[in-house]
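Here are my comments on the entry we discussed, set out point by point so that each can be checked against the coordinates. Please read them with the structure open.

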Amino acid sequence: MLRFLLRRSLGALVILLVISAVTFFLFYAVPRDPAMLACGKNCTPDALAVIRKNMGIDEPVPVQYWHFMVGIFAGRDFAQGACPAPCFGYSFATQDPVWQTILDRFPTTVSLTLGGAVVFLVVGLGAGMIAAWKRGTVVDKVFSSASLVLSSMQIYFVGPLVLALVVYQLDLLDQPKYVPLTEDPAGWFLGLLIPWLVVQIIFTANYTRLSRSSLIEQLQEDHVRTARAKGMSGRFVFFRYAWRGSLIPIVTIFGVDLGSLFGGAMITEWTFSLPGLGTLAVDSVRNTDLPMVMGVMLFAATFIILFNILVDAAYAFIDPRVRLS
């Protein structure tokens, strides 16, 4: 198991290195000069040279990339001051350290992700299990139809509708906002309740359909039929054999979804004006804030790859044959 995880981890490091190189050269080799944006209308060549030096973009792109990678592991110096490791540079727009800005925004994204994941995983898998258990009945048809309709919804459509109904018309809840959990647990819960519910509407439908189809497929397997032929109860066979076998596709999708959400739920955070990594990424792109875009992208890529490694580990736990691959 340790060797299996070590292979996956080394592969993940190589992937991160490739992602960092591709994104850096893509962003910093584009024709648009960020120094021109910071310089303004009445820009002189001398002022432009000073701004480029302060931004750290006065050297060839390969040299900039080398300094960028060194800064992540050893830190580096900028005109704004020393930048300790892990250093992703300073924002072109606000002059704030990129890494510290990411850390400040990360709690919002974590709260949104974990709360929403708990809701849609429990509700979605529970509904899928009930639909598979009651296959062919009215319950199954209702759950399947509802999941099909809800899975076609989009957050940017459902979110404003829920806000208009719950916040502005019925006045049941306040406008969603992030309150640190350590300061006000009740405010933290109520502030993120609407985003959690909207996120779970979309994801629950997908997990209901996935778990139902996976369970029904497992119930047709030979080993499940053999267990039934030996006189085991339907409930025991369902949970002992069919449920475990159906986990692999569910774990796959959950790992990808969770990694993406940890990297920044852009649409959800933008819809509800939550100051998380998703909103930070959108603002950085709009402002051509290249260091911030690079930092958020690498941070998100790290989480996506990390959760893919955890998915592989879960595979190996569920099915030991995966360890040999």
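The points below take up the nonpolar cores, the largest pocket and two individual residues.

1. A caution on the kind of evidence comes at the start: this is a predicted model, and the remarks that follow should be read as descriptions of that model.

2. The largest nonpolar core comprises 72 residues, and within it Tyr28, Phe68 and Ile194 are the members that touch the most others. Helix 8, spanning residues 185-219, is the element that gives the most to this core, contributing 13 residues. The core is also shared between the assigned domains, since at least three of its residues come from domain 1 (32-87) and at least three from domain 2 (102-318).

3. Phe68 merits a separate look, as one of the residues touching the most other members of that core. Once its neighbours within four places in sequence are set aside, Phe68 is in contact with Phe24, Arg76, Cys87, Phe88, Met294 and Leu298. Apart from the largest core there lies another one, made up of five residues, which include Ala12, Leu16, Ala301 and Ile305.

4. The largest pocket has a volume of about 370 Å³. Its lining consists of 13 residues, of which Leu16, Ile72, Phe73, Leu298 and Thr302 are the closest to the pocket centre. Helix 1 (2-28), helix 4 (61-74) and helix 14 (290-318) are the elements that each give two or more residues to this lining.

5. What is the chemical make-up of the lining of the largest pocket, divided into nonpolar, polar and charged residues? There are 11 nonpolar residues and two polar ones, while no charged residue takes part. With respect to the domain assignment, the lining of this pocket draws at least three residues from domain 1 (32-87) and at least three from domain 2 (102-318).

6. Thr113 is located in helix 5, which covers residues 98-133. Is this threonine, Thr113, buried or exposed? Thr113 counts as buried because its relative accessibility is 2%, and buried means under 20%. Beyond residues up to four places away in sequence, Thr113 touches Leu258, Leu261 and Phe262.

7. Trp243 sits in helix 10, residues 234-245. Leaving out residues up to four places away in sequence, Trp243 touches Leu125, Met129, Leu215, Phe238 and Ile250. Between Trp243 and Arg76 the separation is 167 residues in sequence and 51 Å in space, taken from C-alpha to C-alpha; Arg76 is also one of the residues in contact with Phe68.

How values were computed. Residues are numbered from 1 along each chain as its sequence is written. This is a predicted model: local features need pLDDT of at least 70, side-chain atom pairs count only at pLDDT 80 or more; totals for chains, interfaces and linings use all residues. Side-chain values use heavy atoms; hydrogens and water are left out. A nonpolar core is a set of buried Ala, Val, Leu, Ile, Met, Phe, Trp, Tyr and Cys residues joined through side-chain atoms within 4.5 Å. Buried means under 20% relative accessible area, exposed over 50%, partly exposed in between (1.4 Å probe, protein chains only). Helices (H or I, at least four residues) and strands (E, at least two) are DSSP runs, numbered from the N terminus. Domain bounds come from an automatic or database domain assignment. Contact means heavy atoms within 4.5 Å. On a 1 Å grid over the protein atoms alone, a cavity is a set of points where a 1.4 Å probe fits but cannot get out, and a pocket is an open set with protein on both sides within 12 Å along at least five of seven lines; lining residues have an atom within 4 Å of a point. Grid points are joined across faces, edges and corners, and a volume is the space filled by probe spheres set on the points. Ala, Val, Leu, Ile, Met, Phe, Trp, Tyr, Cys and Pro count as nonpolar, Asp, Glu, Lys and Arg as charged, and the others, Gly among them, as polar.
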